Amino acid sequence: LSRRILQYLSRSGARPLKPSGLVRKLGLSSRDLDAVRHEVDRLVSTGRLVARTSGRVIATSSAGLVTGTISRTAGGAGYVSVSADPERLPPPDIYVAPADLGGAFDGDEVLVELLDRRRRAGQRCGRVERVVKRASTRFVGSFQPRGGSGWVQLDGTAGLDPIAVDDAAAAGAQPGDKVVIEMLSFPTAARRGSAVVVEVLG
């Protein structure tokens with residue numbers, strides 16, 4: 001069923017449809033609606049379909065989006081390695097500016113919107129539409145108290161704002177200690193991230 005849904009929504013000129021519309025277009029009966037909804041939800045969660053605010057869905061490729069794995073640089077930007085057909089040469093990486101990362105961290109699987117602008121060498125630029133799958137929710141960094149709160153600067157992320165950790169004192173962290181944190185909310189361009197300390201390394 002998922003293959004039929006993807007094939008229909010990946011056709012040239014395909015338009016977004018609600019699950020009920022897919023039932024009709026695929027020649028299914030009303031009894032199949034729950035199964036179609038289940039498959040649609042699963043395909044959206046894995047980044048193969050994109051859900052619009054109207055409740056309609058479309059294939060990622062038809063929406064001008066691509067899926068790949070992001071690698072972040074020390075300066076805060078990212079490069080997305082796009083999933084490729086194993087029988088073809090892999091496409092060039094997509095550059096993502098710091099403001100367009102959408103909270104993506106190194107190694108995350110992301111859904112990327114291709115932008116019209118290009119870099120000097122012609123490299124495509126993109127914007128992270130959504131993080132499909134997190135590579136990790138635990139990170140190591142250096143703890144520093146600031147203004148009555150605790151903050152952790154993650155290792156290898158000089159271009160990223162520190163992460164707020166309200167429970168650092170209770171965990172026994174001292175200024176300059178290396179700590180392991182569990183992310184509660186990932187930082188975006190609009191807000192800082194927050195986390196809890198799960199281990200003090202010293």
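At 52% relative accessibility, Lys25 counts as exposed, because the cut-off for that label is anything over 50%. Keep in mind that this is a predicted model. Lys25 sits in helix H2, and if we skip residues up to four places away in sequence, it touches Tyr8 and Leu17. Its C-alpha atom is separated by 9.7 Å from that of Ile5, and the two residues are 20 apart along the chain.

Ile5 takes us into helix H1. Which residues of H1 are buried? They are Ile5, Leu6, Tyr8 and Leu9. Looking down the axis of H1, you find these buried residues within an arc of 165 degrees, so they line one face of the helix. What they pack against is H2, H3, S1 and S2. So Tyr8, one of the contacts of Lys25, belongs to the buried set of H1.

Let's step back for the overall picture. The chain has three helices and twelve strands. Of its 202 residues, 39% are buried. The chain exposes about 11400 Å², with carbon and sulfur atoms supplying 48% of that. As for how the chain folds back on itself, take the contacts between residues at least 6 apart in sequence: 51% of these join residues at least 24 apart.

Now to helix H3, which covers residues 33–45. From first C-alpha to last, its 13 residues reach 18 Å, close to the 18 Å expected at 1.5 Å a residue. Its buried residues are Leu33, Val36, Glu39, Val40, Leu43 and Val44. Why do they line one face of the helix? Seen down the axis of H3, they fall within an arc of 135 degrees, so one face is what they line. There's a simple bit of helix geometry in the background: an α-helix has 3.6 residues a turn, so residues three or four places apart point the same way. On the other side of H3, Asp34, His38 and Asp41 are exposed.

What covers the buried residues of H3? The cover includes helix H1 (2–9), helix H2 (19–25), strand S1 (49–51), strand S2 (57–59) and strand S7 (124–133). Glu39 may catch your eye in that buried list. At 15% relative accessibility, Glu39 counts as buried, because the label applies under 20%. Leaving out residues up to four places away in sequence, Glu39 touches Leu1, Ser2 and Ile5. Ile5 also appears among the buried residues of H1. Just after H3, Gly47 takes a positive phi of about 80 degrees.

On to the strands. Strand S8 (residues 138–146) pairs with strand S11 (residues 178–185) in the antiparallel sense, over five bridges. Within that pairing, Ser142 stands opposite Lys178 of S11. S11 is also joined to strand S12 (residues 194–200), again antiparallel, by six bridges. There, Glu182 has Val196 of S12 as its bridge partner.

That leaves the aromatic rings. A pair of aromatic rings is described by the distance of the centres and the angle of the planes. The count comes to four aromatic pairs. In one of them, the rings of Tyr79 and Tyr95 have centres 5.5 Å apart and planes at 65 degrees, so the pair is edge-to-face. This pair links distant parts of the chain, with Tyr79 in strand S4 (residues 78–82) and Tyr95 in strand S5 (residues 94–96), 16 residues apart. Tyr79 is partly exposed, with a relative accessible area of 27%, whereas Tyr95 is buried at 16%.

Another pair is formed by Phe105 and Phe186: the ring centres are 5.1 Å apart and the planes are at 85 degrees, so this pair is edge-to-face too. Where do the two residues lie? Phe105 is in the loop between S5 and strand S6 (109–118), and Phe186 is in the loop between S11 and S12, so the pair ties together parts that are 81 residues apart in sequence. Both Phe105 and Phe186 are buried. Together with Phe139, they form one aromatic cluster.

Definitions and conventions. Residues numbered from 1 in each chain as written. Predicted model: local features only at pLDDT ≥ 70, side-chain atom pairs only at ≥ 80, totals over all residues. Heavy atoms only, no water. Helix = DSSP H or I, 4+ residues; strand = E, 2+ residues; numbered from the N terminus. Buried < 20%, exposed > 50% of the residue type's maximum accessible area, 1.4 Å probe, protein only. Contact = heavy atoms within 4.5 Å. Areas by Shrake-Rupley, 256 points an atom, 1.4 Å probe, with all protein chains shown as cover. Pairing = 2+ DSSP bridges. Expected span 1.5 Å × (residues − 1). Arc of directions from axis to C-beta. Phe/Tyr/Trp six-rings, centres within 6.5 Å; stacked < 30°, edge-to-face > 60°.
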